[in-house]
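Visitor: I would like to go through this model by question and answer. Please keep to what the coordinates show.

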Amino acid sequence: MAPADKKTVELRGGPADGRRIAIPLGFTELTLQVDSADKFSAWAVYRPTGDHADDGIEIWDEYVETQWGDSGLVPL
């Protein structure tokens, strides 16, 4: 893949907070292993925010999906 086919994004939140990484153009989600030395390590998912750093680099936030939907209090 040629460098022109990639862009640099800055990751916010989670284990890769502050890390900048080059990703292929068109990606809408990035999944990274938390600890690459541990094959059983968890994975972190990052998605674009639409925000940019002061130097113009696109910012992607850690995405955490909840399986429980609305977890607010309910009357018993």
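The exchange below goes from the overall fold to single residues.

Visitor: Which secondary structure elements does the protein chain have, and in what order?
Guide: This is a predicted model. The protein chain has zero helices and five strands. Read from the N terminus, the elements therefore run β-β-β-β-β.

Visitor: In what order do the strands lie in the sheet?
Guide: The five strands form an open sheet, and their pairing is mixed. From one strand to the next, the twist averages 45 degrees. The order of the strands is 2-1-5-4-3.

Visitor: Which strands stand at the edges?
Guide: An edge strand has a single partner strand, so one side of it is left without a neighbour in the sheet. That applies to strand 2 (20–24) and strand 3 (30–33).

Visitor: In which sense do strand 1 and strand 5 pair, parallel or antiparallel?
Guide: Strands of a sheet pair through backbone hydrogen bonds, in either sense. Strand 1 covers residues 6–12 and strand 5 covers residues 58–63, with four bridges between them. Val9 stands opposite Glu58, and Glu10 has Ile59 as its bridge partner. The sense of this pairing is parallel.

Visitor: How many bridges join strand 4 to strand 5?
Guide: These two strands run antiparallel. Among the paired residues, Val45 has Tyr63 as its bridge partner, and Arg47 stands opposite Asp61. The number of bridges is five.

Visitor: Which residue takes a positive phi in the hairpin of strand 4 and strand 5?
Guide: The hairpin has five residues between the strands. The phi in question is near 95 degrees, and the residue is Gly56.

Visitor: Which residue of strand 4 stands opposite Leu30?
Guide: Strand 3 and strand 4 pair in the antiparallel sense, over four bridges. Within this pairing, the residue opposite Leu30 is Tyr46.

Visitor: How many residues make up the largest nonpolar core?
Guide: In soluble globular proteins, nonpolar side chains tend to be buried together. Here the core consists of Val9, Leu11, Ala16, Ile21, Ile23, Leu30, Leu32, Ala44, Tyr46 and Trp60. Strand 1, strand 2, strand 3 and strand 4 (43–52) are the elements that give two or more residues to this core. The core has ten residues in all.

Visitor: What does Leu30 contact beyond its neighbours within four places in sequence?
Guide: Leu30 is one of the residues of the largest nonpolar core. With those sequence neighbours left aside, the contacts of Leu30 are Leu11, Ile21, Ile23, Ala44, Val45, Tyr46 and Trp60.

Visitor: Is Glu58 buried or exposed?
Guide: Glu58 is in strand 5. Not counting residues up to four places away in sequence, Glu58 touches Lys7, Thr8, Val9, Glu10, Pro48, Asp51 and His52. The relative accessibility of Glu58 is 17%, and residues under 20% count as buried, so Glu58 is buried.

Visitor: What is the relative accessible area of Arg47?
Guide: Arg47 has its place in strand 4. Apart from neighbours within four places in sequence, Arg47 is in contact with Thr28, Glu29, Trp60, Asp61 and Tyr63. Arg47 is partly exposed, and its relative accessible area is 32%.

Visitor: Over the face of which residue does Arg47 lie?
Guide: Tyr63 is among the contacts of Arg47. Arg47 lies at 3.7 Å from the ring centre, and the ring belongs to Tyr63.

Visitor: How many aromatic pairs does a search of the whole structure find?
Guide: A pair of aromatic rings is described by the distance of the centres and the angle of the planes. For a pair to count, the centres must lie within 6.5 Å. The number found in the whole structure is zero.

Visitor: What is the relative accessibility of Phe27?
Guide: Phe27 is found in the loop between strand 2 and strand 3. The C-alpha atoms of Phe27 and Lys7 are separated by 9.7 Å, the two residues being 20 residues apart along the chain. Phe27 counts as partly exposed, at a relative accessibility of 37%.

Visitor: What percentage of the residues of the protein chain count as buried?
Guide: Glu58 is one residue that counts as buried. Of the 76 residues of the protein chain, the buried part is 24%.

Notes:
Residues are numbered from 1 along each chain as its sequence is written. This is a predicted model: local features need pLDDT of at least 70, side-chain atom pairs count only at pLDDT 80 or more; totals for chains, interfaces and linings use all residues. Side-chain values use heavy atoms; hydrogens and water are left out. Rings of Phe, Tyr and Trp (its six-membered ring) pair if their centres lie within 6.5 Å; planes under 30 degrees apart count as stacked, over 60 as edge-to-face and the rest as tilted. A charge sits over a ring if NZ of Lys or CZ of Arg is within 6 Å of the ring centre and within 35 degrees of the ring normal. Two strands pair if DSSP finds at least two bridges between them. Axes are lines fitted to C-alpha atoms, for helices over the stretch in contact, and angles run from 0 to 180 degrees between N-to-C directions. A nonpolar core is a set of buried Ala, Val, Leu, Ile, Met, Phe, Trp, Tyr and Cys residues joined through side-chain atoms within 4.5 Å. Buried means under 20% relative accessible area, exposed over 50%, partly exposed in between (1.4 Å probe, protein chains only). Contact means heavy atoms within 4.5 Å.
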